[in-house]
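Me: I am new to this structure. Please pick a single part and take a close look at it with me. Keep the sentences short.

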Amino acid sequence: PPGYPDPVGLIDPYEAFCFQSFQRPNEDGTMSYALPTDERHGNDRGVVHGGVLMTFADSTLGFAAWSACAPGAWCVTVSQSSSFLRGVRVGDLVEVTPVVTRATRTMIFTRGEYLVRGEPVFQAHSVWKVAGK
């Protein structure tokens, strides 16, 4: 998609099966992600399935959480809450710049506001457990 030069190298087989997302570094050091949606992601009414958005959220919030881990450490999702603000239509480009709101030695807290054409369509918050080095 325009403005997103790099496909995300998805390692998780489930995420790779569901979609191909894209990324771009921002001048402030954050990373933004985009999900182009297509017919595979929609229901019979042309609306993107909520499970696709929740999987995209787990992926992008996970990238933010992993970036907050100490070198060599990794983390796993403990919880995620999601709010659907309006329907995403098949063909829409969903964008997010995830934020780490708090990081401790053992837990990382993240949030993301997911946008279509600059308008919020979905929000998610997640908690991650730093599982080891």
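Reply: A residue is called buried when its relative accessible area is under 20%, and exposed when that value is over 50%. Between these limits, it is partly exposed. Keep in mind that this is a predicted model.

Let us look at the strand β8 region. Strand β8 covers residues 119–132. Which strands pair with β8? One is β4, residues 74–84, which runs antiparallel to β8 and is joined to it by ten bridges. Another is β7, residues 107–116, also antiparallel to β8 and also with ten bridges.

Two residue pairs help you find your way. On the β4 side, Val76 sits opposite Lys129 of β8. On the β7 side, Gly112 faces Ala124 of β8.

Now go to the turn. β7 and β8 form a hairpin with two residues between the strands. Arg117 belongs to this hairpin and has a positive phi near 50°. With a relative accessible area of 64%, Arg117 is exposed.

What is the salt-bridge partner of Arg117? It is Asp92, and the closest N and O atoms of the pair are 3.1 Å apart. Arg117 is in the loop between β7 and β8, while Asp92 is in the loop between β4 and β5 (93–96), so the salt bridge ties together parts 25 residues apart in sequence. Is Asp92 buried or exposed? Asp92 has 6% relative accessibility, so it is buried. The pair therefore joins an exposed arginine to a buried aspartate.

The structure holds two salt bridges. The other links Asp38 and Arg40, with the closest N and O atoms 2.8 Å apart. There, Asp38 is partly exposed at 22%, and Arg40 is exposed at 59%.

Return to β8 and follow it to Ala131. Which residue lies 7.1 Å from Ala131, C-alpha to C-alpha? That is Ala73, although the two are 58 residues apart in sequence. Ala73 belongs to the loop between α2 (50–67) and β4. Its relative accessible area is 13%, so Ala73 is buried.

Next comes Trp74, in strand β4. Trp74 is partly exposed, at 36% relative accessible area. Trp66, Trp74 and Val76 make up a nonpolar surface patch. Together they have about 300 Å² of accessible area. Val76 is also the residue opposite Lys129, which brings us back to β8.

Technical notes
Residues are numbered from 1 along each chain as its sequence is written. This is a predicted model: local features need pLDDT of at least 70, side-chain atom pairs count only at pLDDT 80 or more; totals for chains, interfaces and linings use all residues. Side-chain values use heavy atoms; hydrogens and water are left out. Two strands pair if DSSP finds at least two bridges between them. Helices (H or I, at least four residues) and strands (E, at least two) are DSSP runs, numbered from the N terminus. Buried means under 20% relative accessible area, exposed over 50%, partly exposed in between (1.4 Å probe, protein chains only). Patches are made of residues with over 30% relative accessible area and no salt bridge: like charges are joined within 9 Å, nonpolar side chains (Val, Leu, Ile, Met, Phe, Trp, Tyr) within 5 Å. Accessible areas come from the Shrake-Rupley method with a 1.4 Å probe; for residues, only the protein chains shown count as cover. A salt bridge is a side-chain nitrogen of Lys or Arg within 4 Å of a carboxyl oxygen of Asp or Glu.
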